[in-house]
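User: Please explain how the labels attached to this model are justified. I should like each value set against its criterion.

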Amino acid sequence: MTGVEYISSDMVQAVIHKAELSQLRVELTPWDLQLLLVGPVQKGLLFPKPQHKNSFINHLKTSLSDTLLYFPPLSGRLATTEHDDEKVSFLIDCNNTGALFIHAKADGVTISDIIEPVYVPSIVHSFFPLNGYKNIEGVSNPLLGVQVTELVDGIFIGITANHSVVDGTSFWHFLNSWSAISRGLIHLPKLPVFQRRFFNSINFPIQIPKSHVQNFHDDFVVPLFKERVFHFSKQSIVTLKARANAEVGTGTTTTTTNQMVQISSLQALLSRLWQSIIRNKNLEPNEDTHYCFIIGGRQRLHDLPQEYFGNVLKTQKVTMKVKQLLEQGVGSIALEMNKVIAANTGEDFNKFIETWIASPELFKMSTMSSRTLITSSSPRFDMYGNDFGWGKPIAVRCGAANKFDGKITLYCGAEEGSIDIEACLSPETLNALGNDEEFMDAIITN
C-alpha cells in the first residue's frame, strides 16, 4: 500500500460566532483533568465514495462549520491560569480559533484493503489528524481535528477530539449531530449542555500542582502491537450470554435482595475474551491479572442530563489470579464483573470528585501493564447511523492514540445486535488468540 498524500489543511470555524459564545468558558472537572496526560479520542468511519465527489469536501467543511455553532468548545482551545502556591488551572476557551480540517488521498488503497486483512493495516493510523499529541497540548493545538482521506473506491473520515473535552458519549453526540446537519437537518433535537452548575460541591477553577503537568512527556515506550477486529454475531452473543447465566444460575430473583441478577451480553463476551487472551499470554499461575472498565456516570447521576458535554467517567477493575481465571467458567468471571460494575453508584462518582480534588492524580500510559486489559468505547453508541448524505458507513476503526498491549475497543456491529471488538495485543498473543479454537468457535471473525 502507498502512503497518504496531504492535499490541503484548513481551520474551520463556527459559521456564526455569537457574542455570547465568544465569552463562553467551560470549566474542566476532575473527570476531564485526570486525562490531561494521555492521548485524544480517535474514531473514524469508512464510507463508499460519494457520487458528487467534486463537491463533497466543501460540503463537509460547510456542515462542520454549521455544527460547531452548537459545539463551541470544539473550535476553541484549552486555557491555563497560574496561581500562587505553584498551582495551575485549566478551562476551555470557546474562542472559535477553529477545528483542523485535512483533505488527503491514499492512492491505490481500496475499501477491501482496509476491511479484508486479518490484522488492521497500519496505514489506518495515518487516516487520523493530530497524531502523537496529548490532551494537555490543546492549549496551543486544535481540540478537534478531522481528516477526510480519499481511497480508490471510498472515503475515510477520521476524527480526533481532545479527551479532556469529550468522552465517548459527547464524541458521538457531536458526530451524530454533524452527520445529521450534513444530511440537511436544520435544528438539532438534542443540544449539548455545557453548564457545570450540576456540581455544587466543586469550587471552580480546580487547581492542581504545576509539577503534575510540567513534564508531561512520560517515559512510556509503546510496545510492538497489532490490532484485529473480531466480529460477534447476534446469535453468538445470545448463546454466550445464556450459557454464562446458566453456569451460575443467574437470571433469577435472589432471595436476599429480591432483585433480578443477570449477566449481560457484554459481560459474558468480555469474560470470554479476558480468559482467552490470558490463556494465550503464558503467564505464571499466581500472577495477578486485571480487567479494567471505564464506567459512565450519566445514568448514575440523576441530576446530570444525557446531553452533558464533557467526561463523566471513572475506572473500576476486576482482579483475579491467572490460575483462578483459567479454571473458572465464563459465568463465574462474568458474575464478578457484574458485581463490580453494579456496585458503582452516583454517590461513588460524587465521592471520586471530592477525593480527586483533595489529591489530584493524572492517568499516565506508563502505568499500563501487559497483564491488564482495559475496555474503551461502547457498542451502545450510534456509529452506523452516521450518514453524511451518501450512505451509511461500511466499517468503524480507531487511531493509534492510547494504544498498548491489552487495549480493547468496542463497537456496535453493522448488523443489529452484533458487536465488533478490536483487540490491540502483542503480535505473539494476537496470533495465538486467532489460533485458539475455543475462542474462535464462539465468533464469526472479520
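Analyst: The answers below take up rings, burial, backbone geometry and cores in turn. The model is predicted: local features require pLDDT of at least 70 and side-chain atom pairs pLDDT 80 or more, whereas totals for chains, interfaces and linings use all residues. Residues are numbered from 1 along each chain as its sequence is written, and side-chain values use heavy atoms, with hydrogens and water left out.

User: What makes W31 and F349 an aromatic pair, and why is it called edge-to-face?

Analyst: Rings of Phe, Tyr and Trp (its six-membered ring) pair if their centres lie within 6.5 Å; planes under 30 degrees apart are stacked, over 60 edge-to-face and the rest tilted. The search of the whole structure finds 20 aromatic pairs. For W31 and F349 the centres are 6.1 Å apart and the planes differ by 65 degrees, so both criteria are met. The pair joins W31 in helix α2 (residues 30-33) to F349 in helix α10 (residues 346-358), 318 residues apart; helices are DSSP runs of H or I with at least four residues, strands are E runs of at least two, and numbering starts from the N terminus.

User: Why is the charge of K314 said to sit over the ring of F349?

Analyst: The criterion asks for NZ of Lys or CZ of Arg within 6 Å of the ring centre and within 35 degrees of the ring normal. The charged end of K314 is 5.8 Å from the centre of the F349 ring, so the distance condition is satisfied.

User: How do you know whether F349 and N282 are buried or exposed?

Analyst: Buried means under 20% relative accessible area, exposed over 50%, and partly exposed in between (1.4 Å probe, protein chains only). F349 has 0% and is therefore buried, whereas N282, at 69%, is exposed.

User: What makes the backbone at N282 and at P205 notable?

Analyst: Most residues other than glycine have a negative phi, and most peptide bonds are trans. N282 has phi near 55 degrees, a positive value, and lies in the loop between α7 (265-279) and β13 (288-296). The peptide bond from F204 to P205 is cis, with omega near -5 degrees.

User: What is meant by a nonpolar core, and which residues touch the most other members of the largest one?

Analyst: A nonpolar core is a set of buried Ala, Val, Leu, Ile, Met, Phe, Trp, Tyr and Cys residues joined through side-chain atoms within 4.5 Å. The largest has 106 residues, of which L144, I157, W178 and W274 touch the most other members. Another core, of 19 residues, lies apart from it and includes A104 and A395.
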